[in-house]
Each structure stands twice: as C-alpha cells, then as structure tokens.
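Me: I have a structure open here and would like to go through a few parts of it with you. Could you keep to what can be read from the model itself?

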Amino acid sequence: MIRHVPLAATVCFALATPLPGAAAEAYPSKPVRMIVAVPPGGPADILARLVGPQLGVTLGQTVVIDNRPGANGNIAYEMAARAVPDGYTFVLAAAGVVINPSLYREIRYDPLRDFAAITHGISVPNILIVHPSVAANSVSELVALAKSRPGKLAFASAGNGTTGHLALELFKQRAGIDVVHVPYKGGGPALTEVVAGQVQALFSLALAATQQVKAGKVRALAITSGKRSAVALGLPTVAELGFPGYEVVGWFGWLAPAKTPREIVSRLNSEIVKALNMPEVRERLLSQSSEPVGNSPKEFGAFVKSESEKWAAVIKRGNIRME
C-alpha cells in the first residue's frame, strides 16, 4: 500500500535516516529477535528453528526465537507492528495475520499498512478427507451427497477462523452446499473425530491427513493448493475437479515493521531465502508436508495483499465473526 507523506516529513525522515551504505555496514551489530506467532511445535516453529540458526550464521549475530502465542496470533502481530523499525525485530507470521482483521471486531494492526514484507517461507496445503463410511469417492460425489442431504453432513475444523475452516467456507460458497461446521480446539481433535466417524469430513493439514490416509482410516479426495503437490499423495486439486480458481493454503512468511529500511529488508530477504534453499532445510520442510517458497519482498507483499482481499470477501459473505 502506498502512503503519501508530506514533503516536510519526508525531508525530516531523510535527515534522520543513516545513509544506505552506512546502515548496511552497521547492521546487525547486536542479536535480532524473530517473533513467532505460535507455541513451540508445529510447522511455523519448525520453520523458525530451521532458518533461525542459519540466518544467525550469515548475519553474524544470534537470532533469538521468541514464541508469542495467543489470540490467534494477534499478540505477536501487534507486538511486531509496534516494534522499532530497525531490523532487530521481525515476525514469522501465519495466514491469520491477514485473516484476523476480518474476523475480529478490534484489531490493533493493519496487515498492509503496518508491515514490510520480507519473504514467503512455506505453504502448507490442506487435504479434503472423508470417513470411509461416507458414500463419496470424489469431490463431485461429495457435493451431490451434500445437496441431497442439506444441513446433514458435518465437517470438522481445527477451530473457527483457521485455514481449514475457511477452506470449508469457500468450498460451501463455490459448491452451493449446506453443511454443518463443527469447530474443535486444534487439528488433532478434529482429525480424531473424523477417524472415529463422529463427523464426516475435514479439510486437514496434509501431514496429519496423509498418515491416516495411508492407514486406511480416512479417504482423501483432493488437495486445496493451486497445483498438485508431491507432499499430498499426488491428489488432484479441488480447482481441477470443477472449481477453477479454488486455492487455500496455510502459509507462513516473514514481515518486518513498516518503515524498516529497504536495505535491511533486502538483506534479511537474501539471507532467509538462502537458508530456505539449503538442501537439508528443504528436505526437513518437505518431510513435514511443507513446501518451501522463498521469494522477493515485492512478490510476497503482493501475495499478502491478495490473501487479505480474498478472505475479507469470503468472511463477509459467510457472515463469520469472532469476539
């Protein structure tokens, strides 16, 4: 988002800002802090602890991993948005950073105005699974079944506002079906209930779902990413099965406070992307059904903007709110 700044303010900012060369030479001169919006464990924390040490080596300073879970990530995002924009604090954000402003009535940050994009870290696809008792072996059969029994099929989710919940909401809107949403406190309990046959279907994280599919405890119908993925059993995408443009992925990427000097953002981008491309890092991420990305600040910024607009529309149409 472009902000128009008065000329006088621009002059003052220019006088107060070190020359690009000086800033690049001086940075970093002390440890840097990577805020992580989730508790230890899970894809984001694994990503942070894989990239953090490598980043510390190339920066020549310790990278402190600071887990700040709570309020669906809002605690971490507000903290990062208000940090001094000097490159010593940045955040590994989840998709919730752009989803939450449309879900909650009071959010004290703006995902487009208050952050500078660094790079997209990983994408984590969901898999649409059903219990073996469900009379549907394809997405089209599932849609037909739902239409024949409006308000009867139950879909679990890892909780209100999660990517699995929004994958379901977008699917409902695109397919024109009426199903019951049953939110749980986490993906584990949701998957357990589908395996037990207490609910019929779920958009589950690929890693967890793949294990149950291989065990024959659930049936996989499609993947929610925009293209087929090696981390998801070679499944077809929902998009190619009659819903063009359908794409939902959990994602994690790095954001710095707005006004962080461009040279520092560029340095962080370069070093993080370098770490993501290390064979051992890529191998570990892929083993967790996470697809490494690593792109430019401009590309990630455009992605963040498109995700914000997309989910704002879906949430408004679905009349989804969280207090």
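Me: How much space lies in the second largest pocket?
Reply: In this predicted model, the second largest pocket holds about 1100 Å³ of space. Its lining is made of 47 residues, and those closest to the centre are Ala 158, Thr 162, Thr 163, Leu 205 and Phe 252.

Me: Which elements give two or more residues to that lining?
Reply: Those elements are the helices α3, α5 (96-103), α7 (163-175), α8 (187-195) and α9 (206-214), together with the strands β4 (115-130), β7 (201-205) and β9 (249-257). The largest share, five residues, comes from α3.

Me: And how do the lining residues divide into nonpolar, polar and charged?
Reply: The lining of the second largest pocket has 24 nonpolar residues, 21 polar ones and two charged ones.

Me: Back to α3, then: what span should it have, and how far apart are its ends?
Reply: Helix α3 covers residues 42-59, and because a helix is expected to advance 1.5 Å a residue, its 18 residues should span 26 Å, which agrees with the 26 Å between its end C-alpha atoms. There is nevertheless a bend of about 25° at Gly 52, with a proline, Pro 53, following within four residues.

Me: Which residues of α3 are buried?
Reply: The buried residues of α3 include Ala 44, Ile 46, Leu 47, Leu 50, Val 51, Leu 55 and Leu 59, and also Asp 45 and the bend residue Gly 52. After α3 comes Gly 60, which has a positive phi, near 80°.

Me: Changing topic, which residues have the most contacts inside the largest nonpolar core?
Reply: They are Tyr 77, Tyr 246 and Trp 254, in a core of 86 residues. A second, separate core has 17 residues, among them Val 194, Val 213, Ala 220 and Leu 235.

Me: Which peptide bond is cis around Pro 28?
Reply: The bond from Tyr 27 to Pro 28 is cis, with omega near -5°, and Pro 28 sits in the loop between α2 (20-26) and β1 (32-36).

Me: What about phi at Ala 71 and Asn 319?
Reply: Ala 71, in the loop between β2 (63-67) and α4 (74-81), has a positive phi near 55°. Asn 319, in the segment after α12 (297-318), likewise has a positive phi of about 55° although it is not a glycine.

Me: Why is Asn 319 called exposed?
Reply: Asn 319 counts as exposed because its relative accessible area is 64%, and the cut-off for exposed is over 50%. Ala 71, with a relative accessible area of 45%, is partly exposed.

Definitions and conventions: Residues numbered from 1 in each chain as written. Predicted model: local features only at pLDDT ≥ 70, side-chain atom pairs only at ≥ 80, totals over all residues. Heavy atoms only, no water. Expected span 1.5 Å × (residues − 1). Bend = angle between axes of the 7 residues up to and from the residue. Buried < 20%, exposed > 50% of the residue type's maximum accessible area, 1.4 Å probe, protein only. Core = buried A, V, L, I, M, F, W, Y, C linked by side-chain atoms within 4.5 Å. 1 Å grid on protein atoms, 1.4 Å probe; cavity = no way out; pocket = protein on both sides within 12 Å on 5 of 7 lines; lining within 4 Å. Points joined across faces, edges and corners; volume = space filled by probe spheres on them. Nonpolar A, V, L, I, M, F, W, Y, C, P; charged D, E, K, R; others polar.
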